[in-house]
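Trainee: I would like to go through some labels used for this structure and ask what each one rests on. Please give the cut-off each time.

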Amino acid sequence: MAIATISVADTCAAAKRASRTLAATSSVVKDAALEAIASAIEQRADEILDANAQDLEAARQGDYSDAFLDKLRLDPRRIASMAEGVRKIVALPEPVGEVIDGWRLPNGLDVRKVRVPLGVVAVVYEARPNVTIDATALCLKSGNAIVLRGSSAAARSNAVLAQIAASAAAATGLPEQSVSLVQGGREDIAELATQTGSVDLIVPRGGEGLKASLKGVATVPVLYAASGNCHVYVDRAADLDAAQAIILNAKLQRPGVCNAVETVLVHSEVAESLLPGLLRALREAGVTLHGDQRAIAAAGGTPISVATEEDWDTEYLALELAVAVVDSVSEAIDHINRHGSGHSEAIVTRDTGTARAFQLGVDAACVYVNASTRFTDGGEFGMGAEIGNSTQKLHARGPIGIRELCTFKYLIEGDGQIRP
């Protein structure tokens with residue numbers, strides 16, 4: 001495995017050479033490599049935990065939030081989950097070579113549209129060491145070489161995990177440099193993002209600062225795994241018990257992640273019935289509340305500060321929530337499309353017509369009816385894992401899994417045809 005002992009350019013060039021072999025590697029070999037990675041993670045769990053403990057201790061000395069530390073933290077359950085995620089990816093159908101479409105032309109040419117790997121995928125990510133394994137497993141399954149660039153806060157964890165993955169993959173027959181790790185400063189990110197000819201796609205998974213730093217310099221195609229300013233709208237025809245359960249789950253189950261709810265919108269006809277109990281439960285769970293004047297009036301005495309315009313645009317990633325009262329589903333849709341990030345949005349309603357209007361009107365990668373936004377996840381979607389969630393509209397949208405890490409080519413077979 002390459003780890004910053006050679007330049008970024010040389011690392012990417014070596015990954016490119018490996019990718020050409022990987023593209024033609026059988027599913028049997030790739031799956032054996034992934035199974036070896038899963039087993040190695042389990043066998044070396046103590047080593048992983050020790051490295052992570054050192055990262056956590058260093059991070060506690062810095063100015064990091066509790067949400068950041070939660071993302072950074074590994075424990076036996078999370079390590080077991082990483083291994084389980086790799087095995088779920090093994091069980092997925094082989095994407096490479098899948099025939100997407102096919103037809104015969106009048107001149108007798110047979111045309112097949114076939115899924116193929118992208119080549120070299122670079123993943124730049126913050127905090128979460130599990131991304132090292134998730135991204136590696138997804139890339140190898142889809143026949144891509146991967147160049148990893150994690151956060152300096154997780155440097156020890158990432159180094160151990162990448163070394164485990166690279167060694168296990170190489171021992172089972174995958175080419176050297178199928179898995180590479182780059183560690184360094186911000187300048188390395190800029191260099192990685194300009195490796196045209198070696199890197200086929202770069203996926204940044206992190207905050208808006210990372211996204212902005214890449215936008216200014218990248219010459220390689222970028223697929224942004226972007227932020228999540230997610231909403232739950234409670235319609236006048238909602239089951240209010242279900243609405244409260246959905247909102248509490250979407251905010252409290254893991255507040256520091258991109259699919260947690262950040263704003264709740266409530267129809268004016270049910271605001272006085274829902275908000276007193278809901279806001280009290282949120283407050284008791286430690287949530288800081290911001291609301292418009294109508295939400296404050298319906299709060300039933302629960303402390304709630306006046307929301308600013310900035311609150312509607314904020315991805316809190318913490319125990320913090322904005323609340324507004326609206327008069328219709330169309331007003332809710334307008335609010336979401338104006339302030340949302342295009343990640344995950346939900347409506348709670350028993351009215352199928354209103355649900356349909358919400359599904360058609362909201363511009364987001366994932367739109368839920370009567371369910372928590374917390375399900376936007378490659379693992380939950382049956383994709384094994386994900387590199388991130390794309391809010392873009394070209395190539396991939398929503399969880400980025402093995403098919404999203406492929407492109408396609410047309411294979412045309414003839415019998416001597418020439419064009420007249």
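Mentor: Start with the rings: a search of the whole structure finds four aromatic pairs. The model is predicted, so local features need pLDDT of at least 70 and side-chain atom pairs count only at pLDDT 80 or more, while totals for chains, interfaces and linings use all residues. Residues are numbered from 1 along each chain as its sequence is written, and side-chain values use heavy atoms, with hydrogens and water left out.

Trainee: Why are Tyr 64 and Phe 68 called a stacked pair?

Mentor: Rings of Phe, Tyr and Trp (its six-membered ring) pair if their centres lie within 6.5 Å; planes under 30 degrees apart are stacked, over 60 edge-to-face, and the rest tilted. Tyr 64 and Phe 68 have centres 4.3 Å apart and planes at 15 degrees, so they meet both the distance and the stacking criterion.

Trainee: What makes Phe 408 and Tyr 410 edge-to-face?

Mentor: Their planes are at 85 degrees, and the centres lie 5.7 Å apart. The angle is over 60 degrees and the distance is within 6.5 Å, so the label follows. Ring pairs also link Phe 408 and Tyr 410 with Trp 103 into a cluster.

Trainee: How do you know whether Tyr 64 and Phe 68 are buried or partly exposed?

Mentor: Buried means under 20% relative accessible area, exposed over 50%, and partly exposed in between (1.4 Å probe, protein chains only). Phe 68 has 17%, so Phe 68 is buried. Tyr 64 has 38%, so Tyr 64 is partly exposed.

Trainee: What makes Lys 113 a charge over the ring of Phe 408?

Mentor: The rule asks for NZ of Lys or CZ of Arg within 6 Å of the ring centre and within 35 degrees of the ring normal. Lys 113 lies over the face of Phe 408, at 4.3 Å from the ring centre. Lys 215 lies over the face of Tyr 224, at 5.8 Å from the ring centre.

Trainee: Which residues make the nonpolar surface patch?

Mentor: Ile 100, Trp 103, Leu 105, Phe 408, Tyr 410 and Ile 412 make the patch, which covers about 540 Å². Two elements, β2 (99–104) and β17 (406–413), give two or more residues to this patch. β17 gives the most, with three residues.

Trainee: Why can Ile 100, Phe 408 and Tyr 410 count towards a patch?

Mentor: Patches are made of residues with over 30% relative accessible area and no salt bridge; like charges are joined within 9 Å, nonpolar side chains (Val, Leu, Ile, Met, Phe, Trp, Tyr) within 5 Å. Ile 100, in strand β2, has 35%. Phe 408 has 39% and Tyr 410 has 42%, so these values pass the accessibility cut-off.

Trainee: Why is the contact between Glu 35 and Arg 87 called a salt bridge?

Mentor: A salt bridge is a side-chain nitrogen of Lys or Arg within 4 Å of a carboxyl oxygen of Asp or Glu. For Glu 35 and Arg 87 the closest N and O atoms are 3.1 Å apart, so the pair qualifies. This pair links distant parts of the chain, with Glu 35 in helix α2 (residues 27–43) and Arg 87 in helix α5 (residues 76–90), 52 residues apart. The structure holds 21 salt bridges.

Trainee: How do you know that Arg 60 and Glu 57 form a salt bridge?

Mentor: Their N to O distance is 3.8 Å, which is within 4 Å, so the label holds. Arg 60 and Glu 57 both lie in helix α3 (residues 45–60), three residues apart, about one turn of the helix. Arg 60 is partly exposed at 45%, and Glu 57 is partly exposed at 43%.

Trainee: What is the N to O distance between Lys 251 and Glu 262?

Mentor: Lys 251 and Glu 262 meet in a salt bridge at 2.8 Å. Lys 251 is in helix α10 (residues 240–252) and Glu 262 in strand β9 (residues 261–267), eleven residues apart. Both Lys 251 and Glu 262 are buried.

Trainee: Why do Cys 258 and Cys 230 not form a disulfide?

Mentor: A disulfide is a pair of cysteine sulfur atoms within 2.5 Å. The sulfur of Cys 258 is 6.9 Å from its closest cysteine sulfur, in Cys 230, so the two are too far apart for a bond. For Cys 366 the closest cysteine sulfur is also in Cys 230, at 9.0 Å, again too far. The structure holds zero disulfides.

How values were computed: Accessible areas come from the Shrake-Rupley method with a 1.4 Å probe; for residues, only the protein chains shown count as cover. Helices (H or I, at least four residues) and strands (E, at least two) are DSSP runs, numbered from the N terminus.
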